[in-house]
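Here are some friendly notes to read alongside the model. Please keep the viewer open as you go through the points.

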Amino acid sequence: MSSSSYDIPLPSSLLPSEASPEWNNKADNAWQLTAATLVGLQSVPGLVILYGSMVKRKWAVNSAFMALYAFACVLICWVSWAHRMAFGARLLPFVGAPNHALAEKFLLAKSTIGYFPMADFVFYQFAFAAITLVLLAGSLLGRMNFYAWMMFVPLWLTLSYTVGAFSIWDDDGFLQGKIIDYAGGFVIHLSSGVGGGHSCLSITGYNIEIVTFNLIHSVFVQHHGLKSHHQTSI
């Protein structure tokens, strides 16, 4: 849109340029980056601090680093092959063809879902993929060896998360239009919950009594925390 379309000429900083093509909506671009950053902050430092503080002292560093590693590992895997498996060309009805998302031509092109660069979309979807693995890590704190977790993260991202994301969110997914999931209820929360529960049950030494105690303790702390926050706000 040119400045002649307005009664008042736009500042030069808002006009299309080589660095900001005409299709690039700067408001959409800014909000996409802001939303992705807020989601990322829930993982690092949010869940890193939470996980390090909710386990025994001897597991604190290991638990915090499990979340930090998941976030970093997902970033590498996401731009190397996973993004295209979740939002790329169709390979099977439930997954896309693996390919990297690092080419300049690809990242600077217009996004397929909005008026902002594809680089924003890759970053935005990475933040959701990362927090899914970090949420899953919460069910394995103090139960899984860190070296096993290092292998688990890229495998689960590749074989599970990309399948759900492509099937439900991508236009070529076989569940597109059949399941409405705008906020990640299926792709993120359900998959991380089911994956975490199944992984936890598969580990020898799982004790349901410990989980029940921790659940009651967490609800108690959250109740009093919200009550204190309400009294403070008043």
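Which residues does Asp120 touch, not counting residues up to four places away in sequence?

1. **Asp120 and its neighbours.** Asp120 touches Asn29, Gln32 and Leu33 once residues up to four places away in sequence are set aside. Please bear in mind that this is a predicted model. Asp120 sits in helix α4, which covers residues 118-137. This aspartate is buried yet has no salt bridge. Lys110 is the nearest side chain of opposite charge, and it is 12 Å away. For a salt bridge, a side-chain nitrogen of Lys or Arg would have to be within 4 Å of a carboxyl oxygen.

2. **The view from Gln32.** You can look at the contact with Asp120 from the other side too. Gln32 belongs to helix α1. Its relative accessible area is 10%, and Gln32 is therefore buried, since the cut-off for that word is under 20%. Leaving aside neighbours within four places in sequence, Gln32 is in contact with Asp120, and also with Phe116, Phe121 and Tyr124.

3. **The overall layout.** Stepping back, the chain has seven helices and two strands. Along the sequence they follow the pattern α-α-β-β-α-α-α-α-α. The chain has 234 residues, and 37% of them are buried. Of the contacts with a separation of 6 or more, 63% are between residues 24 or more positions apart. The chain exposes about 14000 Å², with carbon and sulfur atoms supplying 67% of that area.

4. **The largest nonpolar core.** This core has 51 residues, and those with the most contacts inside it are Trp78, Trp149, Leu157 and Tyr161. The elements that give two or more residues to this core are α1 (26-53), α2 (60-87), α3 (104-107), α4, α5 (146-169) and α6 (185-202). Helix α2 provides the largest share, 14 residues. If you would like one residue to centre your view on, try Leu157: not counting residues up to four places away in sequence, Leu157 touches Val74, Cys77, Trp78, Ala82, Ala129, Leu133 and Thr162.

5. **A tilted aromatic pair.** A search of the whole structure finds 10 aromatic pairs. One of them joins Phe65 and Phe146, which form a tilted pair at 5.3 Å centre to centre, with 40° between the planes. Phe65 lies in helix α2 and Phe146 in helix α5, so the pair ties together parts that are 81 residues apart in sequence. The two rings are not covered to an equal degree: Phe65 is partly exposed, with a relative accessible area of 42%, whereas Phe146 counts as buried at 16% relative accessibility.

6. **A stacked pair within one helix.** The rings of Trp149 and Phe152 have their centres 5.5 Å apart and their planes at 15°, so this pair is stacked. Both residues lie in helix α5, three residues apart, which is about one turn of the helix. Trp149 and Phe152 are both buried.

7. **An aromatic cluster.** Trp78, Phe87, Phe121, Tyr161 and Trp169 form one aromatic cluster. Some names here should be familiar: Trp78 and Tyr161 are among the residues with the most contacts inside the largest nonpolar core, while Phe121 is one of the residues in contact with Gln32.

8. **A cis peptide bond to look at.** What kind of peptide bond joins Val44 and Pro45? The bond is cis, with omega at about 15°. Pro45 lies in helix α1. As background, most peptide bonds are trans.

9. **Two loop residues.** Leu108 is in the loop between α3 and α4, and with a relative accessible area of 54% Leu108 is exposed. Leu108 and Met118 are 10 residues apart in sequence, with 6.0 Å between them in space, C-alpha to C-alpha. Ala103 is found in the loop between β2 (95-96) and α3. Ala103 is partly exposed, at 30% relative accessible area. From Ala103 to Val79 the C-alpha to C-alpha spacing is 9.9 Å, and these two residues are 24 residues apart in sequence.

Definitions and conventions:
Residues are numbered from 1 along each chain as its sequence is written. This is a predicted model: local features need pLDDT of at least 70, side-chain atom pairs count only at pLDDT 80 or more; totals for chains, interfaces and linings use all residues. Side-chain values use heavy atoms; hydrogens and water are left out. Helices (H or I, at least four residues) and strands (E, at least two) are DSSP runs, numbered from the N terminus. Buried means under 20% relative accessible area, exposed over 50%, partly exposed in between (1.4 Å probe, protein chains only). Lys and Arg count as positive and Asp and Glu as negative; His and the chain ends are not counted. Contact means heavy atoms within 4.5 Å. Accessible areas come from the Shrake-Rupley method with a 1.4 Å probe; for residues, only the protein chains shown count as cover. A nonpolar core is a set of buried Ala, Val, Leu, Ile, Met, Phe, Trp, Tyr and Cys residues joined through side-chain atoms within 4.5 Å. Rings of Phe, Tyr and Trp (its six-membered ring) pair if their centres lie within 6.5 Å; planes under 30 degrees apart count as stacked, over 60 as edge-to-face and the rest as tilted.
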